[in-house]
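Dear colleague,

I am handing over to you the structure shown below. My findings follow it, arranged by region.

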Amino acid sequence: MAVAIDLSGRSAVVFGVANQRSIAWAIAQQLHAAGADLTVTYQNERMGRSVLGLVDGMERTQAVECDVLDEESVVAAVGAAASAAPLGVAVHSVAFANRDDLEGAFSRTGVDGFRTALEVSAYSLLPVARAAAARMTDGGSILTLTFHAADKVYPGYNVMGVAKAALENEVKQLAAEYGPLGVRVNAISAGPLNTLAARGISGFTNMHEIHASRSPLKRNITQDEVGSAALFLASPLATGITGHVLYVDAGYNVMGV
């Protein structure tokens, strides 16, 4: 028997929307369509011009500026979401590394570039989780976005692979910590998608083509498929799932060659 997902009466906050091609935006749309009161965050005023246009006219939706490395800013964004309805979902879709640290020899990564990638892409989940879990008084779901490079070497991904590996370990630790509170923490490992962040990866086009040719489904995924997986993990259908990395990659991760 099919079960409709209904998130009405709950709020969701999605960190890291950049534009209409963002994975974060695809997830936000699915949560909103399921009835959640939606809050999306953008990094700065420049990003805000695009994001504010996306939410213009949407009911039960607001967009706020947020620096995920500023705990007060994160707490304020979560508070804004929780003021609309009890917080049920928080999505962390934030990653950044300097372009120079995504190319060339990984061993040449400098300490500043390493720190930037790890702080923005991995550490930032912690303030988001702290703030969200504190407002999830009736349990909830925290989600983040990772990539197969956490486990395998992808030329052109370099230090970001290290950041994603750290992020996945954080998911497990946070799941253990917040489980007694009824708060679940999971990650989605999405296949390559043509987003603003992806265009900063050297060789992305080749990566995209290889995934399509070698994956069991013989195609690439879509933003909507990631959004649907996030909606599932955020919903009552997934109340027994935590500390898990869900691959949404057309099956590419299972292939040996």
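I begin with helix α1, whose buried residues are Ile23, Ala24, Trp25, Ala26, Ile27, Ala28, Gln30, Leu31 and His32. The helix covers residues 23–33 and is mostly covered, with nine of its eleven residues buried. After α1 comes glycine 35, which has a positive phi, near 110 degrees. Please bear in mind throughout that this is a predicted model.

The overall fold

The protein chain contains eight helices and seven strands. Its radius of gyration is 17 Å, close to the 18 Å that the globule rule gives for 257 residues, so the chain is as compact as a globular protein of that length. Measured out along the principal axes, the C-alpha trace spans about 50 × 45 × 40 Å. Of the 257 residues in the protein chain, 54% are buried. Among the contacts with a separation of 6 or more, 75% come from residues 24 or more positions apart.

Helix packing around α5

Two packed helices are described by the angle between their axes and by the distance between those axes. Helix α5 takes in residues 125–135, and helix α6 takes in residues 159–178; they pack at an angle of about 20 degrees, with their axes 11 Å apart. Angles under 35 degrees count as roughly parallel, and α5 and α6 are therefore roughly parallel to each other. The crossing in which α5 passes α6 is right-handed. On the α5 side, the contact is made by Leu125, Leu126, Ala129, Arg130 and Ala133, and on the α6 side by Leu167, Glu170, Val171, Leu174 and Tyr178. By class, the residues of this contact are eight nonpolar, no polar and two charged.

Helix α5 also packs with helix α3, which is formed by residues 71–84; here the angle is about 35 degrees and the axes are 9 Å apart. The crossing of α3 with α5 is right-handed. Helix α3 contributes Glu71, Val74, Val75, Val78, Gly79 and Ala82 to the contact, while α5 contributes Pro127, Val128, Arg130, Ala131, Ala132 and Arg135. The contact of α3 with α5 comprises eight nonpolar, one polar and three charged residues. Arg130 deserves a remark, as it appears both in the contact of α5 with α6 and in that of α3 with α5.

Two residues in strands β6 and β7

Is serine 189 buried or exposed? Its relative accessibility is 1%, and buried means under 20%, so serine 189 counts as buried. Serine 189 lies in strand β6, which runs over residues 183–190. Leaving aside neighbours within four places in sequence, serine 189 is in contact with Thr146, Phe147 and His148, and also with Val245, Leu246, Tyr247, Val248 and Asp249.

One of these contacts, tyrosine 247, is placed in strand β7, residues 245–248. Tyrosine 247 is partly exposed, with a relative accessible area of 28%. Not counting residues up to four places away in sequence, tyrosine 247 touches His148, Ser189 and Asn253. His148 is thus listed for serine 189 and for tyrosine 247. Tyrosine 247 and isoleucine 188 are 59 residues apart along the chain, yet their C-alpha atoms are separated by 5.9 Å.

With kind regards

Technical notes: Residues numbered from 1 in each chain as written. Predicted model: local features only at pLDDT ≥ 70, side-chain atom pairs only at ≥ 80, totals over all residues. Heavy atoms only, no water. Axes fitted to C-alpha atoms, helices over the stretch in contact; angles between N-to-C directions. Helix = DSSP H or I, 4+ residues; strand = E, 2+ residues; numbered from the N terminus. Parallel < 35°, antiparallel > 145°, perpendicular 65-115°, else oblique. Left-handed = near helix turned anticlockwise from the far one by under 90°. Contact = heavy atoms within 4.5 Å. Nonpolar A, V, L, I, M, F, W, Y, C, P; charged D, E, K, R; others polar. Rg over C-alpha atoms; globule rule 2.2 N^0.38 Å. Buried < 20%, exposed > 50% of the residue type's maximum accessible area, 1.4 Å probe, protein only.
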